[in-house]
Amino acid sequence: MTMPTLGRRSLLRLGTSAFFGALVSRWISPSRALAGDLPAAKADACILLWLNGGPSHIDTFDPKPGRPTGGPFKAIRTRAPGMMLSEHLPLLADRGDRIAVVRGMTSKEGNHARAQYYVHTGYAPNPTVVHPSLGGWTSARLGDPHAELPAFVSIAGPSFGAGFLGVQNGPFVIAKAGAPPPDATLPTGVDRARFGRRLAALDAMEARFAQSTGDAKVEGRRQVYAKAVRLMDSPKIDAFDLASETDATKKAYGDNDFGRGCLVARRLVERGVKFVEVVLDGWDTHQNDFERTQKLMGTLDPAFSALLDDLAARKLAGRTLVACMGEFGRTPRINANDGRDHWPGAWSAVLAGGGIRGGVVHGATDDDGAKVAHDPTTVPDLLATMAVQLGLDPAHTEVTPAGRPISITDDGTPIRALLA
């Protein structure tokens, strides 16, 4: 996942980083799943902790101690009966009664780019359509078009956009958490009057372009610009700035980019942001898997645990869904470079808060972590579970500009066993 560069001081740059309002969507037909059959929404925001590169399920959430495939890490008990985690996740183990581990994840996408697209959107890549990510759907269906903060924020990675739902519903990207967004103040020599004249000139150019081309994307860009201006003038922009947080709080999350990203995510959902993705890169461990994965767990464990504690302390846990996953797992077989390779056939994801039952292990792999032994969970099923907790019907369908109906998930079915 290539990290974006954010540095050009201009309204266009701030706007196209994507401050997004809701798209007025068109209903084309009754949903395939009747609304009465869906559980009531429990969450109004989601924080996705994205483990970019594909973490080894065997070395993290599905340990296999004593097996030839198990590696050197020990398994430790948690506060949930029957749930074991890696010894390098001790803080999360102490919160096992608050998390659900989905150990039966399975897919057919073993290429990074395709798998990342699939897990974010619920669809395999298709050259004829760009599917919205769950963050994009959340922005379009749940975002407030008049909000001062973007509905969808991605921290330390570009995430995936809103596809045919328009640029106004894609992610606002922050390369590094902890400070106000770049380019959010007027540059030297530009006062409010001059800024107003620039906005008027931009609006005139967009109007002429729309009239001459009929391009429907003009309205999306206008929404982006309007959101950017509102944020520039909003006191809520301080949600991105950690200067007011105590040293103790920052230390609890971990004094690193990922820890700060998780803390900013909490601040954002507290102020009404609907979907925040925080990226922890480096899980593509073809070499030195155990050394690298141990270090990454040392970053993930305090940040994830502090986020759960902070949300609970602020009475946000019930309304905030937290998900932790990557694009696939890694091979049970340890290769010649002391690493593990791509393995989409069996892997793990973790959910917490937002009406998810804590202390649950759903599904299982075989003794070596190679195959799903029971209760397999597809990517669309996982995203459907997340969607219903946010009050989204997984079968809700929109028509693309080319006239193709696309649903929020590709026939995903919510995992009822995870729903409180």
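This passage walks through the main sheet of the structure, the helices around it and a few single residues.

The model is a predicted one, so local features are kept only at pLDDT of at least 70 and side-chain atom pairs only at pLDDT 80 or more, while totals for chains, interfaces and linings use all residues. Numbering starts from 1 along each chain as its sequence is written, and side-chain values rest on heavy atoms, with hydrogens and water left out.

The sheet is a good place to begin. Eight strands form an open sheet with mixed pairing, in the order β6-β5-β7-β1-β8-β11-β4-β12. Helices (H or I, at least four residues) and strands (E, at least two) are DSSP runs numbered from the N terminus, and two strands pair if DSSP finds at least two bridges between them. At the edges sit β6 (172–174) and β12 (360–362), each of which pairs on one side only. On average, neighbouring strands of this sheet are turned by 15° against each other, direction ignored; axes here are lines fitted to C-alpha atoms, for helices over the stretch in contact, and angles run from 0 to 180 degrees between N-to-C directions.

Some of the pairings can be followed residue by residue. Strand β5 (residues 152–155) runs parallel to strand β7 (residues 275–281), with four bridges between them, and Ile155 has Val278 of β7 as its bridge partner. Helix α9 (residues 289–313) packs on the sheet, where it touches β1 (45–52), β4 (99–105), β7, β8 (320–325) and β11 (347–352), and its direction makes about 170° with that of β8. Contact, here and below, means heavy atoms within 4.5 Å.

Strand β4 has partners of both kinds. With β11 the pairing is antiparallel, over five bridges, and Ile99 is matched with Ala352 of β11. With β12 the pairing is parallel, over three bridges, and there Val101 is matched with Val361. Seven of the seven residues of β4 are buried, so the strand is largely enclosed by the rest of the structure. Buried means under 20% relative accessible area, exposed means over 50%, and partly exposed is in between (1.4 Å probe, protein chains only).

What fills the interior? In soluble globular proteins, nonpolar side chains tend to be buried together. Here the largest nonpolar core has 96 residues, and Leu49, Phe61, Ile155 and Met386 touch the most other members. Helix α9 gives the largest share of this core, 10 residues. Such a core is a set of buried Ala, Val, Leu, Ile, Met, Phe, Trp, Tyr and Cys residues joined through side-chain atoms within 4.5 Å.

Met386 also appears among the buried residues of helix α10. Apart from neighbours within four places in sequence, Met386 is in contact with Cys46, Leu134, Leu321, Ala323, Met325 and Leu351. The helix as a whole is mostly covered, with 11 of its 11 residues buried, and these pack against β1, β4, α3, α4 (134–142), β8 and β11. Helix α3 (residues 112–121) meets α10 (residues 379–389) at an angle of about 35°, with the axes 8 Å apart. On the α3 side the contact uses Tyr118, Val119, His120 and Thr121, and on the α10 side Val379, Pro380 and Leu383. Thr385, another residue of α10, is buried, with a relative accessible area of 0%. Setting aside neighbours within four places in sequence, Thr385 is in contact with Leu351, Ile356, Thr413, Pro414, Ile415, Leu418 and Leu419. After α10 comes Gly391, with a positive phi near 85°.

Helix α8 (residues 257–270) is covered too: 11 of its 14 residues are buried, so it is largely enclosed by the rest of the structure. Among those buried are Phe258, Cys262, Arg266 and Arg267. The cover includes β1, β5, α7 (247–253), β7, α9 and β8.

Two loop residues round off the picture. Thr285 lies between β7 and α9 and is buried, with a relative accessible area of 1%. Leaving out neighbours within four places in sequence, Thr285 is in contact with Arg292, Thr293, Arg330, Gly339 and Arg340. Asp37, in the loop between α1 (11–16) and β1, counts as partly exposed at 47% relative accessibility. The C-alpha atoms of Asp37 and Ala265 are separated by 32 Å, with their positions 228 residues apart along the chain.
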